[in-house]
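Grab a coffee and work through these short exercises with the model open beside you. Try each task before you read the solution under it.

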Amino acid sequence: ATTCVLDGMLLAEHPGPKAQIHYADAAEPEFLCDTVEMFHLLLEPEQVRAVAAVYVQDMAQADWDEPRGHWIDAQAAWYVVGGKRRGAMGPTIGSFAERADADVFAREHGGKVMSYAQVKPEMVVLDGGALHDRHM
């Protein structure tokens, strides 16, 4: 029954890695149906809330199509940016506890392995490509 704080989507109904942000001023975490949304929120210049912790799912352990549990520290995780696997919001960023697992995923599904600090705002745009659509 857990829903995404941004769009109300039920996390259990969508594939790919999820995230949770624990803010210092809140008793309960805010869940996100996709790691792209997590990075988008945290990398916004307007983000001023104190973050106590951030977790993502280890997709080497969680089932991609029905991920449950396997939460890991987001800042210690490895990410695959630009891979072909899709998540709740379309193209997503795979999250992994171990670099070796991220490397295997990147070889199988494309993308580049990065640390948390290497992910930049321009990599997590939530427009679904609409800003670059020249057909309208």
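**Exercise 1: a patch on the outside**

V5, L6 and L126 make up a nonpolar surface patch, and their accessible area together is about 230 Å². Keep in mind that this is a predicted model.

Task: find where L6 sits and work out how accessible L6 is.

Solution.
- Step one: look along the chain, and you'll find L6 in the segment before β1 (19–23).
- Step two: check the relative accessible area, which is 43% for L6.
- Step three: buried is under 20% and exposed is over 50%, so L6 at 43% is partly exposed.

**Exercise 2: a strand with two partners**

Task: which strands are joined to β5 by bridges, and how do they run?

Solution.
- Step one: start at β5 (residues 78–81) and go to β8 (residues 94–96); 3 bridges join the two, and they run antiparallel.
- Step two: pick out a facing pair here, with W78 opposite F96 in β8.
- Step three: now go to β9 (residues 112–115), which 4 bridges join to β5, again antiparallel.
- Step four: for a facing pair on this side, take Y79, which stands opposite M114 in β9.

**Exercise 3: the surroundings of Q20**

Task: decide whether Q20 is buried or exposed, then list what Q20 is in contact with.

Solution.
- Step one: place the residue; Q20 belongs to strand β1.
- Step two: its relative accessibility is 8%, and the cut-off for buried is under 20%, so Q20 counts as buried.
- Step three: skip the neighbours within four places in sequence, and the contacts of Q20 are P29, E30, F31, A53, V54, Y55 and W71.
- Step four: look at the side chain too, where Q20 and H22 share a polar contact of 2.7 Å.

**Exercise 4: tracing the salt bridges**

A quick reminder before you start: oppositely charged side chains can pair when their charged atoms come close.

Task: the count is 4 salt bridges. Which residues form salt bridges with R49, and what does each pair tie together?

Solution.
- Step one: take D25, whose salt bridge with R49 has its closest N and O atoms 2.9 Å apart. R49 is in the loop between α1 (35–43) and β3 (51–57), while D25 is in the loop between β1 and β2 (30–32), so this pair ties together parts 24 residues apart in sequence.
- Step two: compare the accessibility of these two. R49 is partly exposed at 31% relative accessible area, whereas D25 is exposed at 58%.
- Step three: take E30, which forms a salt bridge with R49 at 3.3 Å between the closest N and O atoms. E30 lies in strand β2 and R49 in the loop between α1 and β3, so the pair ties together parts that are 19 residues apart in sequence. E30 is partly exposed, at 22% relative accessibility.

Task: where do R85 and D65 lie, and what does their salt bridge tie together?

Solution.
- Step one: find the N to O distance, 3.8 Å, in the salt bridge between the side chains of R85 and D65.
- Step two: place both ends. R85 is in the loop between β5 and β6 (86–87) and D65 in the loop between β3 and β4 (71–73), so they tie together parts 20 residues apart in sequence.
- Step three: add the accessibility of R85, which is partly exposed at 26% relative accessible area.
- Step four: finish with the shared partners, since salt bridges join D25, E30 and R49 into one network.

Conventions:
Residues numbered from 1 in each chain as written. Predicted model: local features only at pLDDT ≥ 70, side-chain atom pairs only at ≥ 80, totals over all residues. Heavy atoms only, no water. Patch = residues over 30% accessible without salt bridge, like charges linked within 9 Å, V, L, I, M, F, W, Y side chains within 5 Å. Areas by Shrake-Rupley, 256 points an atom, 1.4 Å probe, with all protein chains shown as cover. Buried < 20%, exposed > 50% of the residue type's maximum accessible area, 1.4 Å probe, protein only. Pairing = 2+ DSSP bridges. Polar contact = N/O pair within 3.5 Å; in protein donor to acceptor, adjacent residues only side chain to side chain. Contact = heavy atoms within 4.5 Å.
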